[in-house]
Amino acid sequence: MPVWIDTHVHLDDPAFDADRGTVLAAAGAAGVKWMVNVGYRPIAWKTTLALAERHPDIAFTLGLHPGHADEFSAATLDALSGLVESTPVVAIGEIGLDFSRGGPPRALQEDAVRQQLRLALAAGLPAVIHQRQAEVEILTVFASEPALPPLILHSFDGSARYADFAIEHGCLVGVGGLATRQGSSALREVLARIPAGQVVLETDAPFLVPAGVRGGRNTPASVALIGQRMANLWTVDVPEFSAMTTKTAADAFGLVDACPLIDLGGSSG
Ligand SMILES: [Zn+2]
């Protein structure tokens with residue numbers, strides 16, 4: 001049975017309060033052996049850490065989402081740095097720029113993403129990037145930083161230019177429910193340019209329900225469905241796509257040693 005890693009999930013979201021145990025069991029039954037929960041603002045750092053403590057198959061990132069850049073301050077950055085030192089966090093994120101919904105001022109978003117990119121770099125961690133309607137601006141930030149940590153472009157929804165940046169810089173590209181939708185053929189065309197070895201899978205649950213899944217709530221079990229649907233875009237079969245994306249994600253987040261549940265058979269070289 002193929003195994004999967006859901007590299008971007010919000011399992012501490014109240015949408016799962018009533019049946020979190022059932023949701024996690026269903027993910028396990030679907031072959032999801034590891035999930036990366038995204039602590040995207042200080043209040044979610046607490047719930048994320050509490051969740052990861054209870055569930056050894058949940059890894060976690062910590063960071064400040066651009067939509068909450070108004071919570072950014074020297075004290076916030078200090079608190080984040082402290083958690084980076086004291087917890088087994090696997091990435092800084094999600095961080096980035098989002099100009100799609102009239103969020104915090106641009107300058108604040110840019111300061112927050114730059115400081116957190118530097119924190120990730122100093123800590124030797126990858127950064128999980130959220131970008132919405134800010135492609136030119138985020139590319140400008142990347143180009144003007146003297147050095148960058150490894151980047152994971154979460155829920156990739158970019159142009160060919162952004163894809164070229166990802167290819168050139170060896171960024172990982174997060175593929176999820178968005179790419180499965182009928183109206184996403186332009187996105188799939190762009191994604192097909194990206195080498196399969198740079199792809200990781202994600203659900204962003206409870207958000208971004210894949211095409212064909214009923215109900216308004218996404219769950220980590222659908223990462224298996226996303227993998228089955230998307231494999232042929234890279235003309236590989238499902239078991240191969242499962243093995244590739246699992247290894248890529250495990251390597252990026254340093255999950256290989258930490259995850260006894262994953263048998264990556266033959267991938268140790
Ligand atoms: Zn997210």
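Which hand does the crossing of α5 and α6 have, left-handed or right-handed? The tour comes to that crossing after a stop at the metal site. The model on screen is predicted.

**Stop 1: the zinc ion**

Select the zinc ion and display the side chains of His8, His10, Glu94 and Asp204, its protein donors. The two histidines each offer NE2, Glu94 offers OE and Asp204 offers OD, at 2.1 to 2.6 Å from the metal. Angles among the four donor atoms run from 82 to 178°. Tetrahedral geometry would need all angles between 85 and 135 degrees, and square planar geometry would need angles other than those of opposite donors to lie between 65 and 115. The site is classed as irregular.

Along the chain, the donors are spaced as H-x1-H-x83-E-x109-D. Now keep His8 and Glu94 selected: His8 sits in strand β1 (residues 4-9) and Glu94 in strand β4, and the pair, 86 residues apart, links distant parts of the chain. Both His8 and Glu94 are buried.

**Stop 2: the backbone at two donors**

Stay on Glu94 and show the backbone of β4, which covers residues 91-98. The peptide bond between Gly93 and Glu94 is cis, with omega about 0°.

Next select Asp204, in the loop between β8 and α9. Its phi is near 60°, a positive value in a residue that is not glycine. Asp204 is buried, because its relative accessible area is 9% and the limit for that label is under 20%. Move on to Ala205 and Pro206, where the peptide bond is again cis, here with omega near 10°. Pro206 belongs to the loop that runs between β8 (199-201) and α9 (222-230).

**Stop 3: Thr235**

Go to the loop between α9 and α10 (238-252) and pick Thr235. Phi of Thr235 is near 45°, also positive in a residue other than glycine. Is Thr235 buried or exposed? Thr235 is exposed, because its relative accessible area is 71% and the label applies over 50%.

**Stop 4: helices α4, α5 and α6**

Colour α4 (residues 106-123) and α5 (residues 135-144) and look at how they pack: the angle is about 40° and the axes are 11 Å apart. The two helices are therefore oblique to each other, since roughly parallel would require an angle under 35 degrees. The crossing of α4 and α5 is right-handed. For the contact, show Arg106, Glu110, Val113, Arg114 and Leu117 on α4, and Glu137, Ile138, Val141, Phe142 and Ser144 on α5.

Keep α5 and add α6 (residues 160-169), which packs against α5 at about 25° with the axes 10 Å apart. That angle makes α5 roughly parallel to α6. The answer to the opening question is that the crossing of α5 and α6 is left-handed. On the α5 side the residues to display are Glu135, Val136, Ile138, Leu139 and Phe142, which meet Arg161, Tyr162 and Phe165 of α6.

**Stop 5: Leu172**

Finish on Leu172, in strand β7 (residues 172-175). Leu172 is buried, with a relative accessible area of 12%. Measure from its C-alpha to that of Leu153: the two are 6.1 Å apart in space and 19 residues apart in sequence. Leaving aside residues up to four places away in sequence, Leu172 touches Leu151, Ile152, Leu153, Gly197, Gln198, Val200, Thr248 and Ala252.

Definitions and conventions: Residues are numbered from 1 along each chain as its sequence is written. This is a predicted model: local features need pLDDT of at least 70, side-chain atom pairs count only at pLDDT 80 or more; totals for chains, interfaces and linings use all residues. Side-chain values use heavy atoms; hydrogens and water are left out. Helices (H or I, at least four residues) and strands (E, at least two) are DSSP runs, numbered from the N terminus. Buried means under 20% relative accessible area, exposed over 50%, partly exposed in between (1.4 Å probe, protein chains only). Donors are N, O and S atoms within 2.8 Å of the metal (3.2 Å for Na, K and Ca); water is not among the atoms, so sites may look incomplete. Four donors count as tetrahedral if all angles lie between 85 and 135 degrees; four count as square planar and six as octahedral if opposite donors are over 155 degrees apart and all others between 65 and 115; anything else is irregular. Axes are lines fitted to C-alpha atoms, for helices over the stretch in contact, and angles run from 0 to 180 degrees between N-to-C directions. Angles under 35 degrees count as roughly parallel, over 145 as roughly antiparallel, 65 to 115 as roughly perpendicular and the rest as oblique. A crossing is left-handed if the near helix is turned anticlockwise from the far one by less than a right angle, and right-handed if clockwise. Contact means heavy atoms within 4.5 Å.
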